[in-house]
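Open the structure in your viewer and set the chain to a cartoon view, with the option to show single side chains when a stop on this tour calls for them. We will begin with the whole chain and then select smaller parts of it.

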Amino acid sequence: IYTEQIVGSVRCVQETVTGLLVGGIIREINKKTLIPYTPMLFVAGVILGILHPYLGIFGSAMLTISHIEPHGLLMIFLPTLIFEGGFNADWYLFKRQSYQIFILAVPCVFLGSIFTMLSICLLYTSPSPRDRQKSRMPSSA
């Protein structure tokens, strides 16, 4: 069992390094062809996913990584995607449009928060939120 865990770990590291290599190659192709990076990455992932039975050890490493839970993938990749989006932002354009962004973002976030609060109150509470017997809030049980 211990040897299988080591082999699985080696496969994951191999897949990660190969994935970074494929991502770097696709990024260089993106610079030359001006095809958007994200769709190119998606197409490469689909092609590799289809061909994984024929890729030997690399294919089995892909199969091992495909069993990661969705929340784990989100925790791994979301900070990276947010950083990449901020790093590749055009700061001149952002500075020029910051007034319009502020005008739209602040009231919309405020209104979205208010609507979310009202929806939760209407869906989960009785006519009187303090009535613990009739309240539908999960913490009131």
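Start with the whole chain, which has 141 residues, of which 11% count as buried. Keep in mind from the outset that this is a predicted model. If you colour by secondary structure, you will find five helices and zero strands, so that the order of elements from the N terminus on reads α-α-α-α-α. Switch to a surface view next: the chain exposes about 11900 Å², and carbon and sulfur atoms supply 73% of that area. Among the contacts in the chain with a separation of 6 or more, 28% are accounted for by residues 24 or more positions apart.

Now look for the largest pocket, which holds about 1500 Å³ of space. To find its centre, select Gly19, Leu20, Gly23, Leu41 and Phe77, which are the closest to that point among the 35 residues that line the pocket. Which helices give two or more residues to this lining? They are H1 (2–33), H2 (37–51), H3 (57–65) and H4 (70–87), and you may wish to give each of them its own colour. The largest share of the lining, 11 residues, comes from H1. When you colour the lining by class, 20 residues appear as nonpolar, 12 as polar and three as charged.

Move on to H3 and select Phe58, Gly59, Ala61 and Met62, each of which is buried. They lie on the same side of H3, because the arc that they cover around the axis is only 160 degrees. A general point about helices helps here: an α-helix has 3.6 residues a turn, so residues three or four places apart point the same way.

Next, select Asn30, which lies in helix H1. Is Asn30 buried or exposed? Its relative accessibility is 12%, and because buried means under 20%, Asn30 counts as buried. Show the side chains around it, and, leaving aside residues up to four places away in sequence, you will see that Asn30 touches Ile35, Pro36, Tyr37 and Met40.

For the last stop, select Leu34, whose place is in the loop between H1 and H2. Leu34 has a positive phi of about 60 degrees, although it is not a glycine. With a relative accessibility of 74%, Leu34 counts as exposed, whereas Asn30, which you selected just before, counts as buried.

Key: Residues are numbered from 1 along each chain as its sequence is written. This is a predicted model: local features need pLDDT of at least 70, side-chain atom pairs count only at pLDDT 80 or more; totals for chains, interfaces and linings use all residues. Side-chain values use heavy atoms; hydrogens and water are left out. On a 1 Å grid over the protein atoms alone, a cavity is a set of points where a 1.4 Å probe fits but cannot get out, and a pocket is an open set with protein on both sides within 12 Å along at least five of seven lines; lining residues have an atom within 4 Å of a point. Grid points are joined across faces, edges and corners, and a volume is the space filled by probe spheres set on the points. Helices (H or I, at least four residues) and strands (E, at least two) are DSSP runs, numbered from the N terminus. Ala, Val, Leu, Ile, Met, Phe, Trp, Tyr, Cys and Pro count as nonpolar, Asp, Glu, Lys and Arg as charged, and the others, Gly among them, as polar. Buried means under 20% relative accessible area, exposed over 50%, partly exposed in between (1.4 Å probe, protein chains only). The arc is that of the directions from the helix axis to the C-beta atoms. Contact means heavy atoms within 4.5 Å. Accessible areas come from the Shrake-Rupley method with a 1.4 Å probe; for residues, only the protein chains shown count as cover.
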